[in-house]
Amino acid sequence: MPQVHIVGSGPNGLTCAAVLARAGVEVTVYEAGSTIGGGTRSVDLTGQGLIHDVCSAVHPMAVASPAFLELDLEAHGLEWCFPEVDLAHPLDGGRAGVMVRDIEMTAAGLGEDGKAWARLFGPSARAFPKLGGDINQPIIHFPEHPISLARFGIPSLAPASTLARGFSTDEGRALFGGVAAHSFSPMTRMMSSAVGMALICAGHAWGWPVARGGSQSIADALASVITSSGGRIETGRLIRSIDDLPAGEPVVFDTSPAGVVGLAGHRMPEGVRKAFQRYEYGPAAFKLDLAVEDGIPWESEAARKAGTVHVIGSFEELVISEHETHAGRMPERPFILVGQQYLADPSRSNGNLHPVWAYAHVPNGFTGDATEAMVSQIERFAPGFRDRIRGETAMYPEDFAQYNANYVGGDIVAGANTPRQMVFRPRVTLNPYKVTEGIWICSAATPPGGGVHGMGGANAARSILSTLGS
């Protein structure tokens, strides 16, 4: 059986290698950097003895990923930690929309919107464990559970602004909208509800955990599976072209479509190459990593206990902010995701100094400084926050692109979540993982898209195995 070469050690590349290695295939992973992990690296970014996640932070789709469960990552050292409150969305006046794993408790906290929340998300949340085989595949496939998938999928087709009309309170609309905004999509776009539906249902099914010791632990567990199964990982190995690798042996790229073209375009059929060149990238992230003494003094008590906090204010403010971002204009009040992973995993802190992870949605390729806009937004809901900051470092969109070439223009979800690209990514084909004979792609640009779950890698591995006859 030929050796398979995997370029890139993000969670999808590592998962692809792990699945292949466990199937008896000889695999080698090549990573240009000195450490593995891609979007799952963790380091002390502020120099304060804290553990900061460089990119991905909270993992509702990873904890029950079919691939990660199959690989038994917990036997390789991965441990999940759960916050008391999964998500809070502060509003002016100390109010907040609050989500916990228990859907009945969440509904009770939403008052008159409780029944609407339970009605929209309850059936799919209960069915979510069995839907893993369907929602983690390309959308065009023969479903294992067609009725449950339809119940989940029909609301997912709607714009988030349409589903939000089903809630009558500020808390209900904002809570849903903030999760939907993880798609980096305008709230009025068709299918902009899909990511929100998936993350909310996953949260009610399993919670929104973090990895003990940082997201790096996920990469380390995958690496342990690979090496214990006979695979190899080479760090500090920059692949400049597919021609750097042995001829005639399968190659998998855990890269953006642009990366595949740059490395192997001369071996791609013209139609496939042009399709990859047309692939669209979405808005960018501007990130702050902060060392905060005694944590963030949120007015909302629930926000002080939440692993994730969405900072924007009302749903109406969110709609405006995302519209401006997609129009290429930096909003005055950007949408911000704040991670307080240390609440679930105290090992990340240093005494009463805590790591705070935060990024704002900004236009692709944004070159300005969003630091003050972000700090002011958080201060709006946590007066006194600014005075508690003891260290900070910023990552601009260009820093993300330099850190990981997959993040084109600072797009950390590896592609715009347009309706076309949610159905067909990275191009229109029934096998989105196979580029051409002997070449595959397994990154977040393939189904089921962004997020740390490894399913793009696992699906690519199965495509390779079917070709190899395993």
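## A walk from helix 11 outwards

D243 and R267 pair up in a salt bridge, with their closest N and O atoms 2.8 Å apart; the term stands for a side-chain nitrogen of Lys or Arg within 4 Å of a carboxyl oxygen of Asp or Glu. The pair links distant parts of the chain, 24 residues apart: D243 sits in the loop between strand 9 (232-235) and strand 10 (251-253), and R267 in the loop between helix 10 and helix 11. Helices here are DSSP runs of H or I with at least four residues, strands are runs of E with at least two, and both are numbered from the N terminus. D243 is partly exposed because its relative accessible area is 46%, and R267 is partly exposed at 37%. The scale runs like this: buried is under 20% relative accessible area, exposed is over 50%, and partly exposed is in between (1.4 Å probe, protein chains only).

Keep in mind that this is a predicted model, where local features need pLDDT of at least 70, side-chain atom pairs count only at pLDDT 80 or more, and totals for chains, interfaces and linings use all residues. Residues are numbered from 1 along each chain as its sequence is written, and side-chain values use heavy atoms, with hydrogens and water left out.

Now step into helix 11 (residues 270-277), whose buried residues are V272, A275 and F276. They cover an arc of only 100 degrees around the axis, so they lie on the same side of helix 11; the arc is that of the directions from the helix axis to the C-beta atoms. What covers them? Helix 10 (257-264), strand 16 (434-436) and strand 17 (439-441) are included in the cover, with contact meaning heavy atoms within 4.5 Å. On the other side of helix 11, G271 and Q277 are exposed.

Helix 11 also holds a salt bridge of its own, between E270 and K274, with closest N and O atoms 2.9 Å apart. These two are four residues apart, about one turn of the helix. An α-helix has 3.6 residues a turn, so residues three or four places apart point the same way. E270 counts as partly exposed because its relative accessible area is 46%, and K274 does at 40%.

Just past the helix, E280 and R420 meet through their side chains in a salt bridge (3.6 Å, N to O). E280 lies in the loop between helix 11 and strand 11 (284-293) and R420 in helix 16 (residues 419-423), so the pair ties together parts 140 residues apart in sequence. Elsewhere, D53, E79, R212, D345 and R348 are joined into one network by salt bridges that share partners. The structure holds 25 salt bridges.

Disulfides are another story: the structure holds zero of them, a disulfide being a pair of cysteine sulfur atoms within 2.5 Å. For C16, the nearest cysteine sulfur is that of C442, 4.9 Å away. C16 is buried, with a relative accessible area of 0%, and C442 is buried at 0% too.

Two loops round off the tour. G94, in the loop between strand 6 (85-90) and strand 7 (96-99), is partly exposed at 28% relative accessibility. Leaving out residues up to four places away in sequence, G94 touches E299 and S300. I139 lies in the loop between helix 4 (114-135) and helix 5 (146-156), and it is partly exposed at 43% relative accessibility.
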